[in-house]
Amino acid sequence: MSHQFILFSFILFLSAFFLKLLYSSKRNNKSQNQSRHPPSPPGLPIIGHLHLLQPIIHQSFRDLSQRYGPLLFLKLGYARFVVASTPSLAKEILKINELTYSSRKMSTAINLVTYDNATFAFAPYDTYWKFIKKLSTTELLGNRTLGHFLPLRTSEIHEFIQNLTHKSEAREKVDLTEELLKLSNNIISKMMLSIKSSGSDDDDGQSEEARALVREVTQIFGEFNVSDFIGVFKNFDVQGFKKRAMNIHKRYDALLEKIISDREELRKKQKATEIEGVEDDDNEKVKDFLDILLDVSEDEDCEVQLTRNNIKSLILDYFTAATDTTAISVEWAIAEVFNNPRVMKRAQEEVDRVTGKQRLVCEADSPNLPYIHAIIKETMRLHPPITMIMRKGIEDCMVNGYMIPKGTVTCVNIWAMGRDPSIWENPMEFKPERFIEGEGSTIDIKGHHYELLPFGTGRRGCPGMPLAMRELPTIIGALAQCFEFNMFDSKGRILEQGKTIDMDERPGLTAPRANPLVCIPVARLNPTPFLLK
Ligand code: HEM
């Protein structure tokens, strides 16, 4: 054998050896990923990564993701969490693996307050959920029902503007945060139960109690309960959480029981006299949600038998989901617009052009208010009222090459994506124009663009979006049309010309402002002649 042949064979052998090594190391990496969870900070025994969290959870998750990567694994006590912070990961979890991630995680508070398995918003993706989802989109929050309630929404918004006008005339301070909460709560209370949550004398205090309860529910759902995360505390009520949740549940139940039995009584009488509901302009009967739900529960042929607990729980779901989110969106929008007078001016010009300064802006104007819509998108990019889309995986699932075990809670951090400079140019600048010009003009908030998901996406996306998107342009448009604002700072001092208000957040299920928005409204025009009497 020649030397050349020996050398050639040796080189061939070496190449084959290295190629095999390379291939098997790649395969090992891949199979390691398949059994490994995504990157994760060092954790501690029992508590895992709980000690790394600050009170505002979405901010902590963003900070950790910046250090450890956009797909992050965390162990919070015994609960497994995965945090995703890019549009492509959001799509992989919420669209490509939608069925795996179509359930939510329950907590002690949710369980106790929402009648155990009777809830819709936290229900697993099952027959009951599908039935209520259909009922929500076709009946409760369908176009027809929303259309029927238009006069109600208009009258509430007019009353709100009238109230601010009086304050403006008297040069009185207004807590806009509080007033916006009342407005959104009044609208949903009337649509659901025909009660007004504030200011009516004829409901034995039911309305005030309803509003207080919504507050307490939103608060307790957003609070951290040690027993939900740390095994040794599972059967103890160290923070008095269960006690509080039970108290909320009992008061809510008493209130709803009374409202439902009164309604049943009324329905019996109405049936006897064959008079049903209030008649609207078209002589069609306007049924509120409670009537629709009682009709369904009385229908023996219905595919799902609605129990009384289902009805109560559903009303609670809607109360809590609709009140804060809508009010907070307007509040952040007004705060941002106040800090950016150029944006306020452009918004006012648009509304003035559409209304001819001859009437108050209304829902029908919505398609002609592209700049107001851009303000809403820009507000929701920076301040999504629900900061993370949280789902629970019902089976093992590969995400981005990593194995995410069954039962893990995935959080798509939409708040973090909205502020990510690799997604948005100058993300901290409030610039509605980014949704009017260039590429951004095609981005909508309906759940198809994974960089902007304020209402979530897919089957589990928000069923209240059509209602919210009727209310928001009208309320923001009316505020811009009627007033300028002299704002107060967080210490209660009136802000000097050119100064901006703080944009701090407070912890909670939703992401409210840390400090209420307090102002003296200064009327731009006298809206009184335009308001419903
Ligand atoms: C600006 C206003 C609102 C925002 C930003 C908002 C946002 C959201 C988000 C992000 C989710 C989770 C979606 C997901 O997991 O993909 C959600 C769920 C939900 N929202 Fe809204 N929402 C708003 C208003 C409303 C209103 C007005 C209602 C009812 C009248 C409502 C009822 C619900 C319900 C029942 C769910 C749970 C749906 C389910 O689990 O299947 N929301 N919302």
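1. Let me start with valine 226, which comes out as partly exposed because 17 other C-beta atoms sit within 10 Å of its own, and a residue needs 20 or more to count as buried. You'll find valine 226 in the loop that links helix H9 (206-222) to helix H10 (241-273). If you skip the neighbours within four places in sequence, the contacts of valine 226 are Phe233, Val238 and Gln239. One longer-range pair to look at: the C-alpha atoms of valine 226 and leucine 76 are 10.0 Å apart, although 150 residues separate the two along the chain.

2. A word on confidence, since this is a predicted model. The protein chain averages a pLDDT of 88, with 89% of its residues at 70 or more. The stretch to be wary of is residues 1-31, where pLDDT is below 50. Apart from near neighbours in sequence, residues 1-31 make one contact in the model.

3. On to the four-stranded sheet. It's open, its strands are ordered E1-E2-E9-E6, and the pairing is mixed. Which strands are at the edges? Strand E1 (71-76) and strand E6 (388-392), each of which pairs on one side only. Ignoring direction, neighbouring strands here are turned by 20° against each other on average.

4. Within that sheet, E6 and strand E9 (residues 409-413) run antiparallel and are joined by five bridges. If you want a spot to check the register, arginine 391 is opposite threonine 410 in E9.

5. Two helices go with this sheet. Helix H2 (residues 57-68) packs on it and touches E1, strand E2 (79-84), E6 and E9, with its direction at about 90° to that of E9. Helix H3 (residues 87-96) lies across E1, E2, E6 and E9 as well, but H3 runs at about 140° to E9.

6. Now the ligand. There are 25 residues around it, and those that come nearest are Ala321, Thr325, Gly456, Cys462 and Gly464. Two elements give two or more residues to this shell: helix H12 (308-339) and helix H16 (465-482). Which of the elements gives the most? That's H12, with seven residues. Sorted by class, the shell holds 16 nonpolar residues, seven polar ones and two charged ones.

7. Helix H11 (residues 289-298) has several buried positions: Phe289, Leu290, Asp291 and Leu293. Note that Asp291 is on that list, and Asp counts as charged. Among the elements covering the buried residues of H11 are helix H5 (127-140), helix H8 (176-193), H10 and H12. So H12 turns up twice, because it helps cover H11 and also gives seven residues to the shell around the ligand.

8. The other sheet to look at has three strands in the order E3-E11-E10, again open, with antiparallel pairing. Why is one side of strand E3 (174-175) and of strand E10 (483-487) left without a neighbour in the sheet? Both stand at the edges with a single partner strand each.

9. Five bridges tie E10 to strand E11 (residues 518-523), and the two run antiparallel. Here phenylalanine 483 faces alanine 523 in E11. Helix H7 (residues 150-169) packs on this sheet, in touch with E3, E10 and E11, and its direction makes about 85° with that of E11.

How values were computed:
Residues are numbered from 1 along each chain as its sequence is written. This is a predicted model: local features need pLDDT of at least 70, side-chain atom pairs count only at pLDDT 80 or more; totals for chains, interfaces and linings use all residues. pLDDT is the predictor's confidence in each residue, from 0 to 100. Two residues are in contact if their C-beta atoms, placed from the backbone, lie within 7 Å. Two strands pair if DSSP finds at least two bridges between them. Axes are lines fitted to C-alpha atoms, for helices over the stretch in contact, and angles run from 0 to 180 degrees between N-to-C directions. A residue is buried if 20 or more other C-beta atoms lie within 10 Å of its own, exposed if 12 or fewer, and partly exposed in between; C-beta atoms are placed from the backbone. A residue is near a molecule or strand if its C-beta atom, placed from the backbone, lies within 6 Å of it.
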